[in-house]
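Colleague: I should like to learn how to read the backbone, core and strand features of a model. May we take them in turn?

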Amino acid sequence: MRVFLAFSCALMIVALFGYSRPALAADAMLTDRMATMNALTGAPWSCSSTVPAMMGQPAHTDQATVTFDVVPGNVLHDHVAGTTYTGDDYYGYSSKMSTYWSTSADNMGGHGFATSPDGKTYTGTSSMGPAAMNVITTYTIVAPNKATVHEVLSGNGETASIDTSCSR
């Protein structure tokens, strides 16, 4: 279930690239369609996710810190860290597919892949072992340093919504 927290936090932060401002000091800068994501680097983001009862687990709230850096290939990398969860995500743009993409992996064996035509609504799959869930995520920019996400997960006969808020 924590893979969904990472997926939520990471994708929610990606939605902020729609807010364009100068990047904080960094050695490397993203270019072309990825350039607006430079605004995510710098100070870490604090995220809180409200997770409903699902997959045999009670409803709860998870906290995590998300940090971003630029890696080779004009790709943005994030590292999500909570008390029992750690995950990494990579974000890029494929000119061949004309789409933004995101891929993830975590310390619990979870992994995911999603695409977006605009960087604001991502559709993909999040998996852990043999279990896979479809994911549709909608982002809202509340302020330059705050964003929210509403994520709908469906699979294995269950549907659940996770709401996340991040700020710095």
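Colleague: Where does Asp 32 lie?

Modeller: In this predicted model, Asp 32 belongs to the loop that runs between helix H1 (2-14) and strand S1 (45-51).

Colleague: What should one look for in the phi of Asp 32?

Modeller: The general idea is that most residues other than glycine have a negative phi. Asp 32 is not a glycine, yet its phi is positive, near 55 degrees.

Colleague: Is Asp 32 buried or exposed?

Modeller: Asp 32 is exposed, because its relative accessible area is 71% and the cut-off for that class is over 50%.

Colleague: Which loop holds Asn 74, and what is its phi?

Modeller: Asn 74 sits in the loop between strand S2 (60-71) and strand S3 (75-81). Its phi is positive as well, at about 60 degrees, although Asn 74 is not a glycine. With a relative accessible area of 25%, Asn 74 is partly exposed, since that class lies between the 20% and 50% limits.

Colleague: Let us turn to the interior. Which residues touch the most other members of the largest nonpolar core?

Modeller: As a general idea, nonpolar side chains in soluble globular proteins tend to be buried together. Here the largest nonpolar core has 20 residues, of which Met 34, Met 37, Trp 45, Phe 68 and Leu 76 touch the most other members. S1, S2 and S3 are the elements that give two or more residues to this core. S2 gives the most, with four residues.

Colleague: What is Leu 76 in contact with, leaving aside its neighbours within four places in sequence?

Modeller: Its contacts include Met 34, Met 37 and Phe 68, together with Leu 30, Leu 40, Tyr 90 and Tyr 91. Polar residues appear too, among them Thr 41, Asp 69 and Asp 89. There is also a second, separate core of seven residues, including Met 54, Met 133, Val 135 and Ile 162.

Colleague: How many bridges join S3 to strand S4, and how do the two strands run?

Modeller: Six bridges join S3 to S4 (residues 86-94), and the strands run antiparallel. One bridge pairs Ala 81 with Thr 86 in S4. The hairpin between S3 and S4 passes through four residues.

Colleague: What joins S4 to strand S5?

Modeller: Eight bridges join S4 to S5 (residues 99-106), and these strands are antiparallel. Tyr 91 stands opposite Ser 102 in S5. The hairpin of S4 and S5 has four residues between the strands, and Ser 98 in this hairpin takes a positive phi near 50 degrees.

Terms used. Residues are numbered from 1 along each chain as its sequence is written. This is a predicted model: local features need pLDDT of at least 70, side-chain atom pairs count only at pLDDT 80 or more; totals for chains, interfaces and linings use all residues. Side-chain values use heavy atoms; hydrogens and water are left out. Buried means under 20% relative accessible area, exposed over 50%, partly exposed in between (1.4 Å probe, protein chains only). A nonpolar core is a set of buried Ala, Val, Leu, Ile, Met, Phe, Trp, Tyr and Cys residues joined through side-chain atoms within 4.5 Å. Contact means heavy atoms within 4.5 Å. Two strands pair if DSSP finds at least two bridges between them.
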